[in-house]
Amino acid sequence: MALYESVIIGRQDLTSSQFDSLIEKFTSVLVSLKGEIKKKESWGLRNLAYKISKNRKGHYMLLNIDGPPEAILEYERLMRLDDDIIRFLTIKIKAIDEKPSPLMNSKTDKSKTETDVIENNSNFDTE
């Protein structure tokens, strides 16, 4: 079977739980066609670079998939038919990176630097 990476952007007016259930619908199709989800990352609600179908924001999800090409074709066909999906992109990859994606790394780095600044500022005397 081949390895794929897929990024899905959902409409901004969906709640996080609605978007997760939508993703579960697509992943169940992949699993039923002998595919397997190797990694799943939610990137949350993010700003789009430009308006797409009157949406300025979108819910992002990254999936790493191991499956046959037929499963990917059906998965993409169903996403094209769904009105809640703004955009999607699926590419074939050689290997799945087990580390978090760069977007997830930047979130953890940002939180670390914020706590470092708070800790460093508390070390200064105010007198």
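**Exercise 1. Glu-76**

Task: Find the element that holds Glu-76, and decide whether Glu-76 is buried or exposed.

Solution:
- Step 1. Start with the location: in this predicted model, Glu-76 is found in helix α2.
- Step 2. Now take the accessibility, which is 15% in relative terms for Glu-76. Buried means under 20%, so Glu-76 counts as buried.
- Step 3. Look for partners, leaving aside neighbours within four places in sequence: Glu-76 is in contact with Phe-88 and Thr-90.

**Exercise 2. The packing of α1 and α2**

Task: Describe how helix α1 and helix α2 are arranged, and work out which residues make the contact.

Solution:
- Step 1. Choose the descriptors. Two packed helices are described by the angle between their axes and the distance between the axes.
- Step 2. Apply them here. The axes of α1 (residues 16–32) and α2 (residues 69–81) come within 9 Å, and they cross at roughly 155 degrees.
- Step 3. Classify the angle. Angles over 145 degrees count as roughly antiparallel, and α1 and α2 are therefore roughly antiparallel to each other.
- Step 4. Add the handedness: the crossing in which α1 passes α2 is right-handed.
- Step 5. List the residues. From α1, the contact uses Phe-26, Val-29 and Leu-30; from α2, it uses Ala-71, Ile-72, Glu-74, Tyr-75, Leu-78 and Met-79.
- Step 6. Sort them by type. The contact of α1 with α2 has eight nonpolar residues, no polar ones and one charged.

**Exercise 3. Ser-32 and Ala-71**

Task: State how far apart the C-alpha atoms of Ser-32 and Ala-71 are, and place Ser-32 in the fold.

Solution:
- Step 1. Along the chain, Ser-32 and Ala-71 are 39 residues apart.
- Step 2. In space, their C-alpha atoms are separated by 8.5 Å.
- Step 3. Ser-32 belongs to helix α1. With 55% relative accessibility, Ser-32 counts as exposed.

**Exercise 4. The nonpolar cores**

Task: Identify the elements that build the largest nonpolar core, and name the residues that touch the most other members.

Solution:
- Step 1. The largest nonpolar core has 17 residues, of which Ile-8, Phe-19, Leu-63, Ile-65 and Tyr-75 touch the most other members.
- Step 2. At least two residues of this core come from each of β1 (2–11), α1, β3 (55–67) and α2.
- Step 3. The most is given by α1, with five residues.
- Step 4. Another core lies apart from this one; it has seven residues, among them Ile-9, Trp-43, Leu-48 and Tyr-60.
- Step 5. Zoom in on Ile-65. Leaving aside neighbours within four places in sequence, its contacts include Leu-30, Ile-72 and Tyr-75, as well as Ala-2, Leu-3 and Tyr-4.

**Exercise 5. Positive phi**

Task: For Lys-34 and Ser-53, give phi, then the location and the exposure.

Solution:
- Step 1. Lys-34 is not a glycine, yet it has a positive phi of about 70 degrees. Lys-34 sits in the loop between α1 and β2 (36–52), and at 68% relative accessibility it counts as exposed.
- Step 2. Ser-53, also a residue other than glycine, has a positive phi near 50 degrees. The loop between β2 and β3 holds Ser-53, which counts as exposed at 63% relative accessibility.

**Exercise 6. The whole chain**

Task: Give the order of helices and strands, and the share of buried residues.

Solution:
- Step 1. The protein chain has three helices and four strands, in the pattern β-α-β-β-α-β-α along the sequence.
- Step 2. Of its 127 residues, 35% are buried.
- Step 3. Take the contacts between residues at least 6 apart in sequence: 76% of them join residues at least 24 apart.

Key
Residues numbered from 1 in each chain as written. Predicted model: local features only at pLDDT ≥ 70, side-chain atom pairs only at ≥ 80, totals over all residues. Heavy atoms only, no water. Axes fitted to C-alpha atoms, helices over the stretch in contact; angles between N-to-C directions. Parallel < 35°, antiparallel > 145°, perpendicular 65-115°, else oblique. Left-handed = near helix turned anticlockwise from the far one by under 90°. Contact = heavy atoms within 4.5 Å. Nonpolar A, V, L, I, M, F, W, Y, C, P; charged D, E, K, R; others polar. Core = buried A, V, L, I, M, F, W, Y, C linked by side-chain atoms within 4.5 Å. Buried < 20%, exposed > 50% of the residue type's maximum accessible area, 1.4 Å probe, protein only.
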